Amino acid sequence: MRHVLLATTCVAALVTAAPALADMAAAERWIDEEFQRSVLTREEQLAEMEWFVNAAEPFQGMEINVLSETIPTHSYEAETLAQAFEEITGIAVNHQLLGEGEVVQAVQTQMQTNRNLYDAYVNDSDLVGTHSRLQAAVNLSEFMEGEGADVTSPTLDLDDFMGISFTTGPDGAIWQLPDQQFANLYWFRKDWFDNEDYQARFREKYGYDLGVPVNWSAYEDIAEFFTEDVREIDGVRIYGHMDYGKRAPDLGWRMTDAWLSMAGAGSQGLPNGRPVDEWGIRMEEGSCNPVGASVSRGGATNAPAAVYAIGKWDEWLREYAPPAAASYDFYQSLPALSQGNVAQQIFWYTAFTADMVKSLEEGNNTVDEEGMPLWRMAPSPHGPYWEEGQKLGYQDAGAWTFLKSTPLDRRKAAWLYAQFVTSKTVDVEKSHTGLTFIRDSTVNHESFTERADKLGGLVEFYRSPDRVNWTPTGVNVPDYPKLAQLWWQQIGDVNAGTFTPQEAMDRLATEMDAVMARMQVADERANVYGGCGPRLNEERDPSYWLTEVEGSPKPKLENEKPQGETVAYEDIIQRWQ
């Protein structure tokens, strides 16, 4: 089809007398050849594309530069949707793909230098607290009603975006437009869990059924069982756990992506705990000023629940994962899982679904001969400090972000592209490629009902009310780039054996408070964070916060391994449906 489209582009380029007609011809061709699956009728798609053609007319011939991380969704945008957008609107797009760390660095550099490196970014909504404070990003609520009103689509339908609350700042304004979403869930080999011999042996040893773990105790028992008792299946050495531990930036995200709150470190509340969030940062209800990360200031970054969470990550990685896993990074852990020698993974991003449904011929040993998954995804188990009403896991919401340093005309053209790649005309097809749903209407489209059996529970999860318990980093984090870089270095020292989990988390909490203290000075002197920078509590004996103040930070439990608890996968699906 690419050759056909290129040839047609050449022909269209010769028809200069009626560009709008040529553009609509391109739109019609793309709808008929690429975007046939849509929540809109063909007539509605054409009407939506006609709006784009007309809105883009002042920017025809312009080339814009945008940046996002390397996942299948963004590859589809860069390779297919950028071409479609150019043919339909006349605006060329250089859609560059880099690692997530490089994207964050580019955003930070542009904010600090006010040099226009890119016209737009797909930047995690984890930075919503940063953008709403630093005042370097464009307030989209104001932009859509003001200088961007003429390039804001009447069919954008913000209420249809599942993660719009994730990109809303403490001021109630929308700062980013969701482009892709994925959660971290529990992944397991259902074919092995259904094995009657394994079920009998597990029950005999542990006294309860082999099933989807509800708590970390059960997860640990299952990890031990497959690693030490089953050990081998069809001549292949198997393991009960998969993770990664390389001392690299993505190890920090492995922890800040709600690992501490999964253990129970934070406060109750959705989308994020208040007053204490999943990073352990305390910010009182009704305030926009963080007051500290250390227990001595009322935070929970080095509280018993956080130390427990890091200790279990390190312990399970050493005892139950393949030997090489400790040296894997985020990107190496996926192909390792597809080898088919792991029973379960407690922290698995659904962004990997597209790769995990590939065929046997493509090197994926977790599907059968007919391409049906031998695995399923399920809710994340929680640690012993977790309480009902806390978030249960992390959900990534990569979202279009615009900076004030981008000239207005380029920003408008990039805003058109952002709306195009998230439009109802293209979103169903894009979601079938990347499987990172952003729209309610898309996940409920009949084509996903037909495909659900091949996606291991993904469709059921995103159609369920449970999805609200998985959320991104929230507004307690005042400057994501400055604080996130501290995590991987300290956690990496645990994997290296340099520090114990308690020592590492004490050092991390101290460093976070030191960085936030500098932010406080900058905000008080120059309003750098719009008055919403940190205002640190005075330090006091940690016992005050652990014993005299209700909620998080929580005192150490006498028993951090209660009885294991599991649930049948079929019961979960029934609840989701």
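Colleague: At what angle do helix α3 and helix α16 pack, and how far apart are their axes?

Modeller: Happy to start there, keeping in mind that this is a predicted model. Helix α3 (residues 42-55) and helix α16 (residues 408-421) pack at an angle of about 170 degrees, and their axes lie 11 Å apart.

Colleague: What makes α3 roughly antiparallel to α16?

Modeller: Angles over 145 degrees count as roughly antiparallel. The angle here is about 170 degrees, so α3 is roughly antiparallel to α16. On the α3 side, the contact is made by Met 49, Trp 51, Phe 52 and Ala 55, and on the α16 side by Leu 416, Gln 419 and Phe 420.

Colleague: What kinds of residue make up that contact of α3 with α16, by class?

Modeller: By class there are six nonpolar residues, one polar and no charged ones. Gln is not among the residue types that count as nonpolar or charged, so Gln 419 is polar.

Colleague: Why is α9 called roughly perpendicular to α10?

Modeller: The axes of α9 (residues 196-206) and α10 (residues 216-230) come within 11 Å and cross at roughly 115 degrees. The range for roughly perpendicular is 65 to 115 degrees, and therefore α9 is described as roughly perpendicular to α10. The crossing of these helices is right-handed.

Colleague: Which residues of α9 and α10 meet?

Modeller: From α9 come Tyr 198, Arg 201, Phe 202, Lys 205 and Tyr 206, and from α10 come Asp 221, Ile 222, Glu 224, Phe 225, Phe 226, Asp 229 and Val 230. By class, this contact has seven nonpolar, no polar and five charged residues.

Colleague: Why is α13 said to be oblique to α22?

Modeller: Helix α13 (residues 304-320) and helix α22 (residues 501-526) have axes that come within 9 Å and cross at roughly 125 degrees. Roughly perpendicular covers 65 to 115 degrees and roughly antiparallel needs over 145. The value of roughly 125 degrees falls in neither class, so α13 is oblique to α22. Their crossing is right-handed.

Colleague: Where do α13 and α22 meet?

Modeller: Ala 306, Val 307, Ile 310 and Gly 311 in α13 meet Pro 501, Gln 502 and Met 505 in α22. The classes here are five nonpolar, two polar and no charged residues.

Colleague: Let's turn to the empty spaces. How many cavities of 30 Å³ or more are there?

Modeller: The count comes to two. The largest holds about 40 Å³ of space, and the second largest about 30 Å³.

Colleague: Which residues line the largest cavity?

Modeller: The lining consists of Glu 69, Glu 100, Val 103, Val 104, Val 122, Asn 123 and Asp 124. The elements giving two or more residues to this lining are α5 (100-113) and β3 (120-124). By class, the lining has three nonpolar, one polar and three charged residues.

Colleague: How do you know that the second largest cavity has no nonpolar residues in its lining?

Modeller: Its lining is Ser 261, Gly 266, Ser 267, Gly 273, Asp 277, Glu 278, Gln 390 and Lys 391. Asp, Glu and Lys count as charged, and Gly counts as polar. The division is no nonpolar, five polar and three charged.

Colleague: What volume does the second largest pocket have?

Modeller: The second largest pocket has a volume of about 340 Å³. Of the 19 residues lining this pocket, the closest to its centre are Pro 379, His 382, Trp 386, Leu 392 and Arg 575. The lining of the pocket divides into 11 nonpolar, five polar and three charged residues.

Terms used:
Residues numbered from 1 in each chain as written. Predicted model: local features only at pLDDT ≥ 70, side-chain atom pairs only at ≥ 80, totals over all residues. Heavy atoms only, no water. Axes fitted to C-alpha atoms, helices over the stretch in contact; angles between N-to-C directions. Helix = DSSP H or I, 4+ residues; strand = E, 2+ residues; numbered from the N terminus. Parallel < 35°, antiparallel > 145°, perpendicular 65-115°, else oblique. Left-handed = near helix turned anticlockwise from the far one by under 90°. Contact = heavy atoms within 4.5 Å. 1 Å grid on protein atoms, 1.4 Å probe; cavity = no way out; pocket = protein on both sides within 12 Å on 5 of 7 lines; lining within 4 Å. Points joined across faces, edges and corners; volume = space filled by probe spheres on them.
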